[in-house]
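Please find below my notes on this entry, set out as numbered points for discussion. They go from the overall fold to one helix and then to the cysteines.

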Amino acid sequence: MEDSPPMTPFKVAHAAAEDWAHAVKACADALGDAAKEATLGFVYVTDVLASDLPSILTYLRQKTGVEHWVGTVAMGICADETEYFDRPAVVAMLATLPPESFCVFPSLTAGLRQLGETQRAWIARTAPVLGLVHADPACEDLAGLIDEIAQASADFLVGGLTSSREAPHQVAGRVTGGGVSGVLFAPDLPVVTGLSQGCTPVGESHEISDCLDNVLIGLDGQRALDVLKADIGPELASDLSKAAGYIHAALPIAGSDTGDYLVRNLLGIDPARGWLAIGQQVEPGDRVIFVKRDPASAADDLRRMLERLKSRLERPPRGGIYISCIARGPNMFGEAGGEMALIRSVLGDIPLVGFYANGEISFNRLYAYTGVLTLFL
């Protein structure tokens, strides 16, 4: 019987500088000897460096010798206990994985038929169970494309939407974009994932008894607005402007054994008719929960998710990818680095990189206001 390959910890490097060249050089220097055995790299850069991403990728590939890279551009990026926003910064992580345990695929805009023969053969031979993906939020029928990739090439997807204010570039072997790109992993690569909703229900689940497109007209046979007011209590109900950005609609996911739901914004209220517009098309018979999103709820939910993941670990993780909503981070956790510090307070000092997304992906669904953590064991 052959010995199992050594479980080499991943190596993280991150830096901010006045320009891309100094930032990426600092990262490459810090990665050092880890590059000798590494086979896959993850790279995230702040969007002020979006136009420099081709140069950053070329430099990393030349200095490390690692050919395969995946990543994207974002308004905020993170590594270890550090978060970078609105300044030139680069974070990178090198992973030592068996070459046949992963397959990088470039940006897809029209489904898996765009894959090359080598990638198709790898999927057929390997039957991957996990994919890490990065997506362009402007991609047409993005939800359908994510679902197709999940159903046909991996049991489970994790990832996020580029949040760049500049070009929405991705990295998948080369600089790409316009669709969904990433990397698929073989089933013998041990990983665990967790999703933090960042919200807390303020009432019970309600049946949508009447609706039109994305407008809730009736809930449980009552006016939708009356049900909302009953759930949020008299203080908020007397001044609904206070509920803006704090109260959201959540659509429970049928069959979920963890009580997952999709959080969507309340887009508008018609006080005269008692109607509510939300950021999702719905049908009569669907269900909705009203939830609150505040710093205490976000921190408590993240801690619960981390404790659940920790209980599943048989050994310290080799490394991880954390993708959080751009509305989280210091906007929700009070200070730069607060969200990452909470993760490390539960899981310890593990190699960790990620970015702040314009929407998060878990399983085969698009989420909002969530944090998605993937740990490699």
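## Notes on the model

1. α5 is followed by Gly 233, a residue whose phi is positive, near 95°. This and the other remarks below concern a predicted model, and every value should be read with that in mind.

2. On the overall fold, the protein chain has 9 helices and 27 strands. Its radius of gyration is 21 Å, close to the 21 Å that the globule rule gives for 377 residues, so the chain is as compact as a globular protein of that length. The C-alpha trace spans about 65 × 45 × 40 Å along its principal axes.

3. On packing and contacts, buried residues account for 55% of the 377 residues in the protein chain. When contacts between residues at least 6 apart in sequence are considered, 80% of them join residues at least 24 apart.

4. The helix α5 covers residues 224–232, and its buried residues are Ala 224, Leu 225, Val 227, Leu 228, Asp 231 and Ile 232. Viewed down the axis of α5, these buried residues fall within an arc of 160°, and they therefore line one face of the helix. The spacing fits the general geometry: an α-helix has 3.6 residues a turn, so residues three or four places apart point the same way.

5. Asp 231, which lies in α5, deserves a separate comment, since this residue is buried yet has no salt bridge. The nearest side chain of opposite charge is that of Arg 287, and it is 10 Å away, whereas a salt bridge requires a side-chain nitrogen of Lys or Arg within 4 Å of a carboxyl oxygen. Leaving aside residues up to four places away in sequence, Asp 231 touches Val 202, Gly 203, Glu 204, His 206 and Phe 290.

6. Turning to the cysteines, the structure holds 0 disulfides. Cys 139 is in no disulfide, and the nearest cysteine sulfur, that of Cys 103, is 19 Å away. Cys 139 is also buried, with a relative accessible area of 9%.

7. Why is the sulfur of Cys 325 not bonded to the closest cysteine sulfur, in Cys 199? The two sulfurs are 9.5 Å apart, which is too far for a bond, given that a disulfide calls for a pair of cysteine sulfur atoms within 2.5 Å. Cys 325 is likewise buried, and its relative accessible area is 7%.

Conventions
Residues are numbered from 1 along each chain as its sequence is written. This is a predicted model: local features need pLDDT of at least 70, side-chain atom pairs count only at pLDDT 80 or more; totals for chains, interfaces and linings use all residues. Side-chain values use heavy atoms; hydrogens and water are left out. Helices (H or I, at least four residues) and strands (E, at least two) are DSSP runs, numbered from the N terminus. Buried means under 20% relative accessible area, exposed over 50%, partly exposed in between (1.4 Å probe, protein chains only). Lys and Arg count as positive and Asp and Glu as negative; His and the chain ends are not counted. Contact means heavy atoms within 4.5 Å. The arc is that of the directions from the helix axis to the C-beta atoms. The radius of gyration is taken over C-alpha atoms; the globule rule is 2.2 Å times the number of residues to the power 0.38.
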